[in-house]
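Me: I have a structure open and would like to check the words people use for it against the numbers. Could you go through them with me?

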Amino acid sequence: MRVKILLQITTDDGEPAGAEEIASFGKCVERAEDLGLSLAESKILLAAAQQRIVEVQTKSWIEAQRCCEVCSRRRRSKGSYPIVFHTLFGDVKLASPRFHRCVCRKGNGRATVSPLMELIPYHVAPERLYLETRWASLVPYAAAAELLGDVLPVETGVNATTLRQHVLRVAERAEAELPKDRRTFMDGSPADWQTLPVPDGRIVVGLDGGYVRDWTERKNNFEVIVGRSMPEDGAPRYLGFVHGFDQKPKRRLVDMLES
Ligand SMILES: [Zn+2]
């Protein structure tokens, strides 16, 4: 039998576009592995749907940005250039148009604007960064890259080097978003703390530490302290910090206690 998968997109004006075929698979039923979609077929299907959906969405975004924000005049086109948007469901190839600066700006601001640069400045989908970062925190970069390639239709840019760059970028952003350092986590003075009632229920606290050594400069290392507090009723909380390396380690505690 032949299975055709059709995609139909209805835009915000309510007009449904015609259904278009995005994938077609010949299927037979002789063995267990013939049933349903194979991994390879699922990748083809996801990548094809993603390409079409993102194309339509970005087209609508570009159209919405086309007019000047000051005088609403339509800006003149200055051609487009190809970009690749890396998503979890494939590398989406797009044409990123450039528009001339509006005549009302009289030479102020940039000569051309590329609306897609504002929407996707790094050409990587946030969910892809999320999964890359999450998997790279559990296994080595190369293994995380292989895992992504095994289950998702990611073609280019999924290797240990780019994964590491993406994770570092996410880490730098997370660092920049850390709250201000705090001297103490309790209100009042130590004398007041003595009079506080004993909290209800038991809380089990586990603490552990380990040394992380620099791969190349083997003499360099730092100690990481991690912990988990588990109240009898309620979700566990986690903490982790580097006390001898980080100048303001308490910022991380604040972050984790409040999240
Ligand atoms: Zn204008």
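Reply: Gladly! Let's begin with a definition: two residues are in contact if their C-beta atoms, placed from the backbone, lie within 7 Å. Please keep in mind that this is a predicted model. With that in hand, helix α1 (residues 39–64) lies across β3 and β4, and α1 runs at about 15 degrees to β4.

Me: Which sheet do β3 and β4 belong to, and what is its strand order?

Reply: They belong to an open sheet of 3 strands in the order β3-β4-β5, with antiparallel pairing.

Me: What makes β3 and β5 edge strands?

Reply: β3 (77–87) and β5 (112–113) each have a single partner strand, so one side of each is left without a neighbour in the sheet.

Me: How do you know that β4 and β5 pair?

Reply: Strands count as paired if there are at least two bridges between them. Strand β4 (residues 90–100) is joined to β5 by 2 bridges, so the pair satisfies that cut-off. The two strands run antiparallel, and one of the partnerships is that of Phe99 with Val113 in β5.

Me: On to the helices. Why is α3 called oblique to α4?

Reply: The axes of helix α3 (residues 126–136) and helix α4 (residues 141–151) come within 9 Å and cross at roughly 135 degrees. Roughly perpendicular covers 65 to 115 degrees, and roughly antiparallel needs over 145. The value of 135 degrees falls in neither range, nor is it under 35, so α3 is oblique to α4. The crossing is right-handed.

Me: Which residues meet there, and how do they divide by type?

Reply: From α3 come Leu131, Glu132, Trp135 and Ala136, and from α4 come Tyr141, Ala144, Leu147 and Leu148. They divide into 7 nonpolar, no polar and 1 charged. Glu counts as charged, so Glu132 is the charged one.

Me: And what makes α3 roughly perpendicular to α5?

Reply: The axes of α3 and helix α5 (residues 160–176) cross at roughly 100 degrees and come within 9 Å. The range for roughly perpendicular is 65 to 115 degrees, so 100 degrees earns the name. Here Leu129, Glu132, Thr133 and Ala136 of α3 meet Leu163, His166, Val167 and Val170 of α5. This contact has 5 nonpolar, 2 polar and 1 charged residues. Thr and His are on neither the nonpolar nor the charged list, so Thr133 and His166 make up the polar part.

Me: How are the strands β6, β7 and β8 arranged?

Reply: These 3 strands form an open sheet in the order β6-β7-β8, with antiparallel pairing. β6 (203–213) and β8 (237–241) stand at the edges, each with a single partner strand, so each has one side without a neighbour in the sheet. On average, neighbouring strands of this sheet are turned by 15 degrees against each other, direction ignored.

Me: How do you know that β7 pairs with both β6 and β8?

Reply: The cut-off is at least two bridges. β6 and strand β7 (residues 221–231) pair over 11 bridges, and 5 bridges join β7 to β8, so both pairings qualify. Val226 shows the arrangement nicely: Asp208 stands opposite Val226 on one hand, and Gly240 in β8 is the bridge partner of Val226 on the other. Val204 has Met230 in β7 as its bridge partner. In the hairpin of β7 and β8, with 5 residues between the strands, Gly234 takes a positive phi near 135 degrees.

Me: Why is β6 described as hardly covered?

Reply: A residue is buried if 20 or more other C-beta atoms lie within 10 Å of its own. Among the 11 residues of β6, the count of buried residues is 0, so the description fits.

Me: Is Thr11 buried or exposed, and how do you know?

Reply: Exposed means 12 or fewer such atoms. Thr11 has 12 other C-beta atoms within 10 Å, so Thr11 is exposed, right on the cut-off. Thr11 lies in the loop between β1 (2–7) and β2 (20–26). Thr11 and Val56 are 45 residues apart in sequence and 8.7 Å apart in space, C-alpha to C-alpha.

Me: What makes Arg2 exposed?

Reply: Arg2, in strand β1, has 7 other C-beta atoms within 10 Å, so Arg2 also satisfies the limit of 12 or fewer. Leaving aside neighbours within four places in sequence, Arg2 is in contact with Ser24 and Gly26.

Key. Residues are numbered from 1 along each chain as its sequence is written. This is a predicted model: local features need pLDDT of at least 70, side-chain atom pairs count only at pLDDT 80 or more; totals for chains, interfaces and linings use all residues. Axes are lines fitted to C-alpha atoms, for helices over the stretch in contact, and angles run from 0 to 180 degrees between N-to-C directions. Helices (H or I, at least four residues) and strands (E, at least two) are DSSP runs, numbered from the N terminus. A crossing is left-handed if the near helix is turned anticlockwise from the far one by less than a right angle, and right-handed if clockwise.
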